[in-house]
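Student: Hi! Could you walk me through this one while I have it open?

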Amino acid sequence: MKHLLGVEDLTRADIEELLDLADSFLEVTQRDIAKVPALRGRTVATMFFEDSTRTKLSFETAAKRLSADTLSFSVSTSSVKKGESLKDTAQTVEAMGADAIVVRHSSSGAPHRVAGWVNASVVNAGDGWHGHPTQALLDAFTLRRHRGPSLDGLRVLIAGDVKHSRVARSDVHVLTTLGAQVTVCGPPTLLPGATEGWPVTITHDLDDALCDTDVVYLLRIQRERQDAALFPTLREYTARWGLTDERAARLKPDVLVMHPGPMNRGVEISSAVADSPRSLILEQVSNGVAVRMGVLFKLLAGDAGAGGGSRAAGAGTATGAAGTRDVTGQGASR
Ligand code: NCD
């Protein structure tokens, strides 16, 4: 595996392997000194052309916990403001010695383009409406920890702005590949036009859908990805499609609530529900670090100099016996 650009090509076995790796790294993140030398000498660059809190911090934390060096690029403080192209920016970052480049971009397909221009491994950290592979993996990982080991038959309701959501697209693929039964719910204007071929049930009636689910996964209204008014008012949206206190009170006690963040409290989810014991929202964030450690390790610690970095002096020697490295560096980190 050289890149992680989408989830479409991942088989059930691939996904399970990544989740198993994340399991080992979760244990690392819970140690007093949450650091292993697995990627010492490797460099991970984050190249974010869109705003982010958790995904960017999470990748950088994951890289640091694996002892990789990190390079951080944010478009607002870069030469992109002076007109530099995506290709020149990516090749510049690689010339600094990046072995992996984590790309977020508002255009679908941007990470795929970058992968064609550099030798480094490229990880998609969210591209337009297309995909957000590590979010889907961390969601599956979180569910596996609560309802696993198997997700076969688990009923997951994804509610909100599915149309503009890369998270929804990746989650549908990963969760159904792992055997979950996914239903998507939202106003007709916020559901994708073409859902043929999606292995999901579609509904517009949240109250009905909530009677029949094990997990409710809420999505933010992605106003920055919309070019028209797609629902009358926020108040009406919340009344029909928000997980309000009243709706949450009707849920069975063991129904779990998830959200990829950032949340708009009081719109798609009530503040009390977001902070309630059934909410896995902060656990999703914590698990994200372990999952991204697994992904970076898989891409960079394999044999055959995976991850390129050929322009970085010493990359070859830095990999060394990486393929045989102990994933969790037991002993070495204490
Ligand atoms: C999501 C994203 O950026 O796609 N957030 C995230 O990465 N956790 C969801 C969103 O923006 O609403």
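Student: How do α2 and α11 lie relative to each other?
Tutor: α2 and α11 are oblique to each other, a label for angles outside the other classes (under 35 degrees is roughly parallel, over 145 roughly antiparallel, 65 to 115 roughly perpendicular). Helices here are DSSP runs of H or I with at least four residues, strands are runs of E with at least two, and both are numbered from the N terminus. Helix α2 (residues 54–65) packs on helix α11 (residues 281–300) at about 55°, with the axes 8 Å apart. Axes are lines fitted to C-alpha atoms, for helices over the stretch in contact, and angles run from 0 to 180 degrees between N-to-C directions.

Student: And which residues of α2 and α11 make the contact?
Tutor: On the α2 side they include Arg 54, Phe 59 and Arg 65, and on the α11 side they include Val 285, Arg 292 and Leu 296. Contact means heavy atoms within 4.5 Å. The residues of this contact divide into seven nonpolar, four polar and three charged. Ala, Val, Leu, Ile, Met, Phe, Trp, Tyr, Cys and Pro count as nonpolar, Asp, Glu, Lys and Arg as charged, and the others, Gly among them, as polar.

Student: Before I go on, what kind of model is this?
Tutor: This is a predicted model, in which local features need pLDDT of at least 70 and side-chain atom pairs count only at pLDDT 80 or more, while totals for chains, interfaces and linings use all residues. Residues are numbered from 1 along each chain as its sequence is written, and side-chain values use heavy atoms, with hydrogens and water left out.

Student: OK, what is the mean pLDDT?
Tutor: The mean pLDDT of the protein is 89, and 89% of its residues reach 70 or more. pLDDT is the predictor's confidence in each residue, from 0 to 100.

Student: Where does pLDDT stay under 50?
Tutor: One such stretch is residues 303–324, with 38 contacts beyond four places in sequence in the model. Residues 330–334 also stay under 50, with eight such contacts.

Student: Back to α11. At what angle does α1 pack with α11?
Tutor: Helix α1 (residues 12–29) and α11 pack at about 120°, their axes 7 Å apart. That makes α1 oblique to α11. Among the residues in this contact are Leu 21 and Phe 25 of α1, along with Ala 290 and Phe 297 of α11. The contact of α1 with α11 comprises 12 nonpolar, three polar and two charged residues.

Student: Switching to strands: in what order do the five strands of the open sheet run?
Tutor: The order is β7-β6-β5-β8-β9, with parallel pairing. Two strands pair if DSSP finds at least two bridges between them. β7 (200–203) and β9 (256–258) stand at the edges with a single partner strand each, so one side of each has no neighbour in the sheet.

Student: How many bridges link β5 and β8?
Tutor: Strand β5 (residues 155–159) and strand β8 (residues 215–218) pair over four bridges. Leu 157 has Val 216 of β8 as its bridge partner.

Student: Which residues does a cis peptide bond join?
Tutor: One cis bond joins Gly 148 and Pro 149, with omega about 10°. Pro 149 is in the loop between α5 (133–147) and β5. Another joins Gly 261 and Pro 262, with omega about -5°, and Pro 262 lies in the loop between β9 and α10 (271–274).

Student: Last one: is the phi of Ser 67 positive or negative?
Tutor: Ser 67 has a positive phi of about 70°, although it is not a glycine. Ser 67 sits in the loop between α2 and β2 (69–74). Most residues other than glycine have a negative phi.
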